Amino acid sequence: MKLAFMSFSMMREAFLGKLDADTLCAVAAENGLRVLDLQEAEVTLYGEAKLKAAMEKHGVSCGCIITIPLFFNAPRSVTAKLKKAFSLAKRMGADTLMVVPGATGLDRGACGKLSRWQ
């Protein structure tokens, strides 16, 4: 069984300057976690090049990129968002893209239009 580490909850520390890509990967490796599952926002926050260098340094890989396209209130942007996320996953060496349908200010009318049953 593979064990992966989703570090999204640690982004607060990164925003505060208390955590960087190298430290994130070191913490994962020191605790036997060799696979990171990263949200796109984390890759942006830490920097793609810095994350790749830190992962290589600490023997950690990216197993999954997590994307949150705005299916409900920006459905026309989803295709472009997914293409961008697939590209990022490939560059980060991830073999999985996790899609989490997102919404900001949930628009129930738009949600109804997206029903697969209509």
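On one side of helix H4 in this predicted model, Ala49, Glu56 and Lys57 are exposed. Turn to the other side and the picture changes: within H4, which spans residues 48-58, Leu51, Ala54, Met55 and His58 are buried. These four cover an arc of only 100 degrees around the axis, so they sit on the same side of H4. What do the buried residues of H4 pack against? Their partners are helices H2 (21-30), H3 (40-46) and H5 (78-92), together with strands E2 (35-39) and E3 (61-67). Just after H4 comes glycine 59, whose phi is positive, at about 70 degrees.

Let us stay with one of those partners, H5. The axes of H4 and H5 cross at roughly 35 degrees and come within 11 Å. From H4, Glu48, Leu51, Lys52 and Met55 take part in this contact, and they meet Leu88, Arg91 and Met92 of H5. Sorted by class, the contact of H4 with H5 has 4 nonpolar and 3 charged residues, and no polar ones. Leu51 and Met55 are thus worth selecting in your viewer: both are among the buried residues of H4, and both take part in the contact with H5.

Now step back to see where these helices belong. The chain holds 6 helices and 4 strands, and reading along the sequence gives the pattern β-α-α-β-α-α-β-α-β-α. Of its 118 residues, 36% count as buried. Which share of the contacts with a separation of 6 or more comes from residues 24 or more positions apart? The figure is 79%. As for the outside, the accessible surface of the chain comes to about 7,500 Å², and carbon and sulfur atoms account for 58% of that surface.

Helix H2 is a good next stop. Its buried residues are Ala21, Leu24, Cys25, Ala26, Ala28 and Ala29. They pack against strands E1 and E2 and against helices H3 and H4. Just after H2, glycine 32 takes a positive phi of about 75 degrees, and a positive phi is also found at glycine 59, just after H4.

Leu24 of H2 leads us to serine 7, since Leu24 is one of the residues that serine 7 touches, along with Asp37, Leu38 and Glu42, not counting residues up to four places away in sequence. Serine 7 is placed in the loop between strand E1 (4-6) and helix H1 (11-15). Is this loop residue buried or exposed? Serine 7 counts as buried because its relative accessibility is 0%, and the cut-off for buried is under 20%. The side chains of serine 7 and glutamate 42 are joined by a polar contact of 2.6 Å.

A little earlier in the chain, leucine 3 is found in the segment before E1. With 56% relative accessibility, leucine 3 counts as exposed. Even so, setting aside neighbours within four places in sequence, leucine 3 is in contact with Leu33 and Val35. Its C-alpha atom is separated by 7.6 Å from that of arginine 34, a residue 31 positions away along the chain.

Val35 also appears among the contacts of glycine 63, a residue of strand E3. Apart from residues up to four places away in sequence, glycine 63 touches Val35, Leu36, Asp37, Ala94, Asp95 and Thr96. The C-alpha atoms of glycine 63 and valine 35 are separated by 5.6 Å, although their positions lie 28 residues apart in the numbering. At 14% relative accessibility, glycine 63 counts as buried.

Two helix residues round off the walk. Glutamate 40 lies in helix H3 and is buried, with a relative accessible area of 10%. Which residues does glutamate 40 contact, leaving aside neighbours within four places in sequence? They are Ile65, Ile66, Thr67, Ile68, Lys81, Ala85 and Leu88. Leu88 is familiar by now, being one of the H5 residues that meet H4.

Phenylalanine 15, in helix H1, offers a contrast: it is exposed, with a relative accessible area of 60%. Phenylalanine 15 and tyrosine 46 are 31 residues apart in sequence, and from C-alpha to C-alpha they are 9.4 Å apart in space.

Technical notes: Residues are numbered from 1 along each chain as its sequence is written. This is a predicted model: local features need pLDDT of at least 70, side-chain atom pairs count only at pLDDT 80 or more; totals for chains, interfaces and linings use all residues. Side-chain values use heavy atoms; hydrogens and water are left out. Helices (H or I, at least four residues) and strands (E, at least two) are DSSP runs, numbered from the N terminus. Buried means under 20% relative accessible area, exposed over 50%, partly exposed in between (1.4 Å probe, protein chains only). A polar contact is a pair of N or O atoms within 3.5 Å; within protein, one must be able to donate a hydrogen and the other to accept it, and residues adjacent in sequence count only if both atoms are side-chain atoms. Contact means heavy atoms within 4.5 Å. The arc is that of the directions from the helix axis to the C-beta atoms. Axes are lines fitted to C-alpha atoms, for helices over the stretch in contact, and angles run from 0 to 180 degrees between N-to-C directions. Ala, Val, Leu, Ile, Met, Phe, Trp, Tyr, Cys and Pro count as nonpolar, Asp, Glu, Lys and Arg as charged, and the others, Gly among them, as polar. Accessible areas come from the Shrake-Rupley method with a 1.4 Å probe; for residues, only the protein chains shown count as cover.
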